[in-house]
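Grab a pencil and try these exercises on rings, charges and sulfurs. Each task comes with a solution to check yourself against.

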Amino acid sequence: MADFSSVLSPREGEIHVIAAAQHIVKALGANKNLDDDLRKILSQLDSHLSAMTLLTTESRGTGFREVEEQLKYAEEKIRSWESNQFLLWDSDESDPLEASEFLKAIDEIQALNEGLRSLSVNGNGKQKELLNRADSILQMAMSRLEKEIIHILVKHKQYFQPKNMSFRSCGMDVLYDESFVSVEDIPSEEALQRNSSGKESDNYIFDLVHPHVIPHLKSIANVMFGVNYDQEFCQAFISVRRDALEEYLVILKVEKFSIEDVLKMEWSSLNYEIQKWVRAMNIIIRYLASEKQLCDQILGDYGFVNPLCFVEISKGSLAHLLNFGEAIAMGTHEPEKLFRLLDMYEVVADNLLDIDALFSEEAGTAVRLEFHELLRSLGDCGRATFLKFGNAIAANASTRPFFGGGIHPLTKYVMNYIKTLTTYCNTLNVLLKDQEAADPNPVVEPENGQGVSSITHCQMACHFRSITATLESNLDSKSKLYKDGVLQHIFLMNNFHYMVRKVKFSELRLFFGDEWIKEHIVKYKQRAMSYERATWNSVLSFLKDGDGPGLCSASKAIRGFTIAFEEVYKNQTGWSIPDPELREDLQISTSQKVIHAYRSFMGRKSSSISEKYIRHSPDDLQNYILDLFNGSPRILQSSRKK
C-alpha cells in the first residue's frame, strides 16, 4: 500500500488543497478502466483525505466530536464481525461486500489514527483517549484477520501433483560381503530405464492454493502491512505454509532421522530410505518452485519480506533432507552403497541450478551453500567408495576352490557391478577426473585409420579396465587352489569367457573396446586348448603305444585307454561349464579329437584286439563326452558285457 503519511499533517490554510486533492481522487476513481489494485489505492487515499479534512477542522475547535463518531462507526463494524461465528471470506453465509466494508473500516480507523498522531495538540486528554481506542480496535481487527488468513490457506490448500516425473535408479541392489553372494545377471533394459532424466521436460508450476482466493490474501496483506502488522501476517502465512510442506514430506513417506539414527541403520532399511529421499528431493524442488510462486503472488510487492518468508517456510523441511544426505556422506564406504550414493549425488547436481535460482536472494544464501556443500560431500564419499570397490576385489581371498570350476560369484559380482555403473558415466568421469588408474590394456588407435569411441578413452573406462585386470589376477590366484591342474584351465576359461560375453553384449563394449574383447577371447580359447592337451593327450597316448605288433600290445592299449577315459568321465562330469555354447564347443572339439583317434585305432587293430577288452563303441564314447561339464559326477557303466 502506498505511504500517504506525508499528506497527513496539514497546516492551517491548506484545507482547500485537501479538498481539491479529494475531488481529483474521486474523479479518477470514476474511471471504469481502472484495475482493482489502483481502485483500492484511490479508495484508501480518499479515506485518508476525508480523515485529514475532519481532523483539521476538529482540531481548530475544542473537541473531537465528529472524529469520535467516525471512530465509533468503524468500531461497531469491526465488533459486529468479531462476534459473528462466520468468516468474512469463503463462508456460505458471508457477503463479499461485507469483507470489503470490513477492510474499509480498518482503513478509516488507521487514517484517523495517523491523523490524530499528526496533530500537535499537546496534553489533550481526548486525543490520547481516541488514540488508545483506535489502537485497541486495530488490534482486534488484526487478530480477526490472522484467523481469516489461516482459514483461507488451510481450506483452499491444493496438493502438489507433479506430472510425468521419472526418476533415475540403478535398478539393482548389489550385495557385497566376504562370501560374495552370487549376483544374478541384470538385463540391460533395466539399466537403460534410468537414462531418462529425473527432471520434468517442462518447469511445471502448480497452484498450491486455489487461485480465486489469491486476491483475498493480497487484500488482507495490504491492510495488515499498511497498519504495521506485517510481522503478524508473515507469522500466520509462514506457519500454515510450513505445515503444508511438512505434511507433503509425510505424504512422500520421508521420515525425520537424526544423523545418529542414519549412521546406525541397517543397510536394507537405509537403502529403502535413500530411494525415498532421492524421489522426494526431486519432487520437493518442484514443489518449492510452486511455493515460491505463491509467495511472489502474495508478498511480491514487499521487497525483502518475500524471500525471507519463503526461506522460513522452506528451511525446516530442507534441513531434514540435508541432514539425511550429510549423514549418508559421513557413513562407511561400503561398495554396495555406491549406486545409491551416485543417485543422491546426481539428484542434487541435477537440481542445483534450480536451488540457486529459488534461493538467489541474500536470505537464501545459507540454503544455497548447504546444498553445494552436500554435493561436495556426496561426491567425496562416492569417489572413496568406488576406489574401495577396486581394493576390495584385490583383497578378496578364498581358502577353498569354487566347486566344479564354474563362474566364481566374484566374477559375476564385479562384471554386473561395473555394467551397472555405465549409466553413471558422466558423473563418475567428473568424480574420478583426478584419480589415475593403472590401465593394463590402454586403448591404441588402430592403424586402419578408423577411430575408437571417445568413451573408450574416458577416465571411467580406464578404471574399468584396471578393475577387470585386478579381477583376473585374483582369479588366477583362486585357480591355484585346485589340486587338479586341468581344472584350473576350466575355471579360468569359464570366468574369462563370462567376462568377454558381459563386455561384448552390453554397454561395457564402449568402455573396453574391441581390442580388449579380442585379447580376452584369445585368453579363454588358450585355456580351452590347454585343457584339451592336459586331459586328452595322456588318454590318447595309450592308443599310440598300442600301434606296436602283436595282440597283447593292442589289447593292453585299449584297456589302458578305457580305464583312463572312464576316470576322466568320473571326474569331469562333475565339472561345470555353465555357458551352453561354450560347453558344446568344447564337447565337439573333444569328440572330434578323441573319437577320431579311437575309431581309427579300432579300424587298424580290430583283428588284434580281444573282444573282452572292448567295453565301449565309438558311438558310446561320443555320447559319454556329451555328459562332461554338466556339474553332476557320474560313474561310467560298461555298455558291453565282458
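Helices (H or I, at least four residues) and strands (E, at least two) are DSSP runs, numbered from the N terminus. You're looking at a predicted model, where local features need pLDDT of at least 70, side-chain atom pairs count only at pLDDT 80 or more, and totals for chains, interfaces and linings use all residues. Residues are numbered from 1 along each chain as its sequence is written, and side-chain values use heavy atoms, with hydrogens and water left out.

**Exercise 1.** Work out how the rings of Phe 233 and Phe 237 are arranged.

*Solution.*
- Start with the rule: rings of Phe, Tyr and Trp (its six-membered ring) pair if their centres lie within 6.5 Å; planes under 30 degrees apart are stacked, over 60 edge-to-face, and the rest tilted.
- The structure has 24 aromatic pairs. In one of them, Phe 233 and Phe 237 sit 6.1 Å centre to centre with 10 degrees between the planes, which makes the pair stacked.
- Both belong to helix 8 (residues 230-251), and because they are four residues apart there, about one helical turn separates them.
- Now check burial (buried is under 20% relative accessible area, exposed over 50%, partly exposed in between, using a 1.4 Å probe and protein chains only). Phe 233 is buried at 0%, and Phe 237 is buried at 0% too.

**Exercise 2.** Classify the ring pair Tyr 569 and Tyr 624, then place it in the chain.

*Solution.*
- Their centres are 5.8 Å apart and their planes meet at 70 degrees, so call this one edge-to-face.
- Tyr 569 is in helix 19 (residues 551-572) and Tyr 624 in helix 21 (residues 618-625); at 55 residues apart, they link distant parts of the chain.
- Tyr 569 is buried, with 5% relative accessible area, and Tyr 624 is buried at 13%.
- Zoom out: ring pairs join both tyrosines with Trp 536, Phe 561, Phe 565 and Tyr 598 in a cluster.

**Exercise 3.** Which ring does Lys 292 lie over, and which does Lys 523 lie over?

*Solution.*
- The test: NZ of Lys or CZ of Arg must be within 6 Å of the ring centre and within 35 degrees of the ring normal.
- Lys 292 lies over the face of Phe 310, 5.9 Å from the ring centre.
- Lys 523 lies over the face of Phe 496, also at 5.9 Å from the ring centre.

**Exercise 4.** Why does Cys 234 have no disulfide?

*Solution.*
- A disulfide needs two cysteine sulfur atoms within 2.5 Å.
- The closest cysteine sulfur to that of Cys 234 is in Cys 309, 3.4 Å away, so it's too far for a bond.
- Cys 234 is buried, at 9% relative accessible area.
- Searching the whole structure turns up zero disulfides.
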